[in-house]
Amino acid sequence: MKITAMRLYKVPPRWLFLKVETDEGIAGWGEPVVEGRADTVRAAVEEFREYLVGKNPMTIEDHWQVMYRSGFYRGGPEVMSAISGIDQALWDIKGKFYGAPVYELLGGACRDKLKVYRWIGGDRPADIRAAALEAHEQGYSAIKMNATEEMHYIDGFEKIQAVCDRVAAIRDALGQKLDIAVDFHGRVHKTMAKVLARELDQFRLMFIEEPVLPQNNEALREIARHTAVPIATGERMFSRWEFKNLFEDGYIDIIQPDLSHAGGISECKKIAAMAEAYDVAIAPHCPLGPIALGACIQLDACTPNAFIQEQSLGIHYNKGGDLLDYIADASIYQYKDGFLDMVTGPGLGVEINEQAVAEAARRPHNWKNPIWRNFDGTVAEW
Ligand SMILES: [Mg+2]
């Protein structure tokens, strides 16, 4: 079998889909994108295309090694996301060739079902309470919310209190019926992160996420001293080599590699195995589209330390396109009591509606991160 073509589709709300075609009529799909840099990742995929067209799609590990190691300069979100989407598409082809879900080729399922969570938004306690009640009524047993908007190096305690008030609104409404994760989003500098983590301890959260930027991961040691809540990070870390010091340091409880950023299924399976050896859980990051989610689910199915899966249905970013708009059978992503049954279709288990994708690509997005500033005009983390 040979790769004959690699086509890219930039589709709303902020995604980039890749279709890899072969001379045997089997095609695989991947999602190579970094949010806000779709065109840069597209250029990286096109550079890899020169090497891949004409090659056998089945030698995935060898292609991964060539894409990663043949660059004297390597890594980074854009190049690793290009590799990720290509890797997903190659696994999709291999699964379809053998008529099996990818997880069957990676050792087989080690679970019956998978817990999922959804995002909820809301600036005021009443809004967040209503959103939590809605998620609970929809059958979710876990949600994630952002902690705060911009926060300066040293900032006022009223912002800390506002976060606590919003989390308290959920606990008041639902008690412990809903697991709550709070995403600091790397917006909080280490000093305020320490304060915020300590104040949130009373709410018995499922985890706090990116309490600091990954570039400041050494601060996790200090933050861990102030909370008993599990600490999660990893959506902005892109390979085994970036995770290894995090494991060695020993202050992380949950890693969140993104299968569209951290080298795809091949690399994230290895990162998950490293985490298992350090007694660390994995919760793959996935605010992206249906192909990225399909890849995550394949990994989760055969990974014992995966405990929950993020998914983007109804997420605030999904304006003009949502998770189910591009797939032929929306029932594969139906959740029962907060869990997803194992998907059974071949490859990534997702059948893409190519007509819907092609039509959406005619109205491409130009999604960019907002630029935020602090109260004194300095640039803040988003
Ligand atoms: Mg996050």
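Q: Which residues does Leu-200 touch, leaving aside residues up to four places away in sequence?
A: In this predicted model, Leu-200 touches Val-163, Cys-164, Val-167, Val-182, Phe-184, Leu-205 and Ile-208, with residues up to four places away in sequence not counted.

Q: Which residues have the most contacts inside the largest nonpolar core?
A: They are Leu-200 and Ile-255, and the core itself has 116 residues. Another core lies apart from it; this one has ten residues, including Ala-142, Phe-207, Ala-281 and Ile-308.

Q: Where does Gln-161 lie, and by what distance are its C-alpha atom and that of Leu-200 separated?
A: Gln-161 belongs to helix H6, residues 157-174. Its C-alpha atom and that of Leu-200 are separated by 9.7 Å, the two residues being 39 apart along the chain. With a relative accessible area of 37%, Gln-161 is partly exposed; the partly exposed class runs between 20% and 50%.

Q: How should a metal site be read, and what are the protein donors of the magnesium ion?
A: As a general reference, ideal angles at a metal are 109.5 degrees for four tetrahedral donors, and 90 or 180 degrees for six octahedral ones. Here the protein donors of the magnesium ion are Asp-183 (OD), Glu-209 (OE) and Glu-235 (OE), at 2.0 to 2.3 Å from the ion. Along the chain, the donors follow the spacing D-x25-E-x25-E. Asp-183 is in strand S6 (residues 179-183), whereas Glu-235 is in the loop between strand S8 (231-233) and helix H9 (240-249), so this pair ties together parts that are 52 residues apart in sequence.

Q: Are Asp-183 and Glu-235 buried or exposed?
A: Both Asp-183 and Glu-235 are buried.

Q: How is an aromatic pair described, and how many does the structure hold?
A: A pair of aromatic rings is described by the distance of the centres and the angle of the planes. The structure holds 14 aromatic pairs. In one of them, the ring centres of Trp-15 and Tyr-326 are 6.1 Å apart and the planes stand at 70°, so the pair is edge-to-face; the cut-off for that class is over 60 degrees. Trp-15 lies in strand S2 (residues 15-22) and Tyr-326 in the loop between strand S11 (309-310) and strand S12 (335-336), so the pair ties together parts that are 311 residues apart in sequence. Trp-15 and Tyr-326 are both buried. Phe-72 and Tyr-73 also form an edge-to-face pair, at 5.1 Å centre to centre and 85° between the planes, but Phe-72 and Tyr-73 are exposed. Trp-15, Phe-17 and Tyr-326 form one aromatic cluster.

Q: Which charged ends sit over the rings of Trp-367 and Trp-64?
A: The charged end of Arg-14 sits over the ring of Trp-367, 4.7 Å from its centre. For Trp-64 the residue is Lys-270, whose charged end sits over the ring, 5.9 Å from the centre.

Q: In what sense do S2 and S3 pair?
A: S2 and S3 pair in the antiparallel sense over four bridges, and Glu-21 has Ala-27 in S3 as its bridge partner. The hairpin has four residues between the strands, and Gly-25 there takes a positive phi near 85°.

Q: Why is strand S4 described as largely enclosed, and with which strands does S4 pair?
A: Six of the seven residues of S4 (residues 113-119) are buried, so the strand is largely enclosed by the rest of the structure. S4 pairs with S13 (residues 339-341) in the antiparallel sense over three bridges. It pairs in the parallel sense over two bridges with S11, and likewise over two parallel bridges with S5 (residues 142-146).

Terms used
Residues are numbered from 1 along each chain as its sequence is written. This is a predicted model: local features need pLDDT of at least 70, side-chain atom pairs count only at pLDDT 80 or more; totals for chains, interfaces and linings use all residues. Side-chain values use heavy atoms; hydrogens and water are left out. A nonpolar core is a set of buried Ala, Val, Leu, Ile, Met, Phe, Trp, Tyr and Cys residues joined through side-chain atoms within 4.5 Å. Buried means under 20% relative accessible area, exposed over 50%, partly exposed in between (1.4 Å probe, protein chains only). Contact means heavy atoms within 4.5 Å. Donors are N, O and S atoms within 2.8 Å of the metal (3.2 Å for Na, K and Ca); water is not among the atoms, so sites may look incomplete. Rings of Phe, Tyr and Trp (its six-membered ring) pair if their centres lie within 6.5 Å; planes under 30 degrees apart count as stacked, over 60 as edge-to-face and the rest as tilted. A charge sits over a ring if NZ of Lys or CZ of Arg is within 6 Å of the ring centre and within 35 degrees of the ring normal. Two strands pair if DSSP finds at least two bridges between them.
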